[in-house]
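Here is a friendly walk through one protein chain, with its charged pairs, cysteines and cores as the main stops. Have the viewer open as you read.

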Amino acid sequence: MNPAARPLIAIPARFSASASALRYAAEVNARALIEAVWRAGGEPVTLHPHAPGGRADPDGVRARLARFDGVLLPGGGDVDPARYGAAPAASVYDVDAEQDGFDLDATHGALELNLPLLAVCRGLHVVDVALGGALRQDMGGPGREHRHVVHRVAVRPGTLLAGATGAAQVTASCYHHQSVDRVGAGLSVTARAADDTVEALELPRHRGWFVAVQWHPEDTAREDPAQRGLFEAFVRAAAR
């Protein structure tokens with residue numbers, strides 16, 4: 001592919017206390033995620049998630065996103081329960097006000113700009129909360145049930161997810177201890193696990209392409225055509 005023809009995909013960085021190749025705290029994204037976007041034909045661009053103190057800057061974030069062709073919200077730590085009006089459970093971890101503020105603004109910015117948006121794991125939680133939803137803070141169970149789990153997910157026919165994966169069921173690589181409790185305004189559940197956990201959301205009213213998945217498609221995108229198809233559909237939408 002002509003490098004100049006690759007659509008630009010904005011991916012907010014995740015804050016990391018350390019990285020083996022760096023001397024200081026880092027801003028990172030998973031290499032598997034970056035490579036999945038690249039293989040699909042996109043140009044992944046890591047964005048500095050600037051939102052000091054977590055305060056909203058919707059106009060500033062929207063202006064930054066306007067130069068891009070698509071937005072990918074990656075996995076990461078938990079969204080602050082205060083963002084959906086709840087007190088934190090003991091198991092909530094890695095809450096970061098700046099990360100939350102930027103990701104929530106990025107969700108609204110992508111919607112206002114009609115940019116294609118793919119959200120992964122924490123990203124699904126962010127879009128749900130951004131649209132007025134709420135999360136189940138701890139799914140319980142000895143292994144938190146959906147951590148380090150590969151399981152089958154049923155996909156609703158006729159959805160963007162079904163079209164992207166080409167499947168009625170997909171094998172999903174999961175790592176999460178939280179899940180959707182209340183679905184945000186306008187969102188539609190498009191996939192569920194066998195235990196009824198919400199595994200995917202779409203926003204039919206969005207004029208751009210919009211899919212949020214609870215699992216990590218980047219984990220298996222290299223060898224699984226269904227997961228690879230999800231990235232390809234997203235990048236194709238961004239190219240348009």
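Does E35 count as buried, exposed or partly exposed? At 26% relative accessibility, E35 counts as partly exposed. Please keep in mind that this is a predicted model.

## Overall shape

The chain's secondary structure comes to 6 helices and 13 strands. Its radius of gyration is 17 Å, close to the 18 Å that the globule rule gives for 240 residues, so the chain is as compact as a globular protein of that length. Along the principal axes, the C-alpha atoms fill a box of roughly 50 × 40 × 40 Å.

Of the 240 residues in the chain, 53% are buried. If we take the contacts with a separation of 6 or more, residues 24 or more positions apart account for 68% of them.

## Salt bridges within helices

Side chains of opposite charge can pair when their charged atoms come close. Searching the whole structure gives 8 salt bridges, and two of the pairs described here sit within a helix.

E35, from the opening question, pairs with R31 in a salt bridge of 2.8 Å, N to O. Both belong to helix α1 (residues 31-39), and because they are 4 residues apart, about one helical turn separates them. An α-helix has 3.6 residues a turn, so residues three or four places apart point the same way. On accessibility, R31 is exposed, with a relative accessible area of 66%, while E35 is partly exposed at 26%.

Helix α2 (residues 58-65) holds another such pair, D59 and R62, which are 3 residues apart, about one turn of the helix. The closest N and O atoms of this salt bridge are 2.5 Å apart. R62 counts as partly exposed, at 24% relative accessibility.

## R14 and its surroundings

Which residue forms a salt bridge with R14? The partner is D103, and the closest N and O atoms are 2.9 Å apart. This pair links distant parts of the chain, with R14 in strand β2 (residues 14-16), D103 in helix α3 (residues 97-112), and their positions 89 residues apart. Both ends are buried: R14 has 9% relative accessibility, and D103 has a relative accessible area of 0%.

R14 has a further polar neighbour, since a polar atom of its side chain lies 2.7 Å from the backbone oxygen of G75. Leaving aside residues up to four places away in sequence, R14 touches residues including A26, E27, N29, L73, P74, Q99 and R122.

## Helix α4

How many of the 9 residues of helix α4 (residues 122-130) are buried? The count is 9 of the 9, so the helix is largely enclosed by the rest of the structure. Among these buried residues are the charged-type names R122 and D128, along with L124, H125 and V127. After α4 comes G132, whose phi is positive, near 90 degrees.

## Two cysteines without a bond

A disulfide is a covalent bond between the sulfur atoms of two cysteines. This structure holds 0 disulfides. Why is C121 not bonded to C174? The closest cysteine sulfur to that of C121 is in C174, 7.8 Å away, which is too far for a bond; the cut-off for a disulfide is 2.5 Å. Both cysteines are buried, C121 with a relative accessible area of 5% and C174 at 3% relative accessibility.

## The nonpolar cores

In soluble globular proteins, nonpolar side chains tend to be buried together. The largest nonpolar core here has 34 residues, and L65, V71, L73, L117, V127, L201 and F210 touch the most other members. Elements that give two or more residues to this core include α2, α3, α4, β5 (70-73), β6 (117-120) and β12 (198-202).

L117 makes a good place to zoom in. Not counting residues up to four places away in sequence, L117 touches V71, L73, T107, A110, V127, W209, F210, V211 and F234. Apart from the largest core lies another core, of 33 residues, with A172, A191, V211 and A238 among them.

Definitions and conventions: Residues numbered from 1 in each chain as written. Predicted model: local features only at pLDDT ≥ 70, side-chain atom pairs only at ≥ 80, totals over all residues. Heavy atoms only, no water. Salt bridge = Lys/Arg side-chain N within 4 Å of Asp/Glu carboxyl O. Buried < 20%, exposed > 50% of the residue type's maximum accessible area, 1.4 Å probe, protein only. Polar contact = N/O pair within 3.5 Å; in protein donor to acceptor, adjacent residues only side chain to side chain. Contact = heavy atoms within 4.5 Å. Core = buried A, V, L, I, M, F, W, Y, C linked by side-chain atoms within 4.5 Å. Rg over C-alpha atoms; globule rule 2.2 N^0.38 Å.
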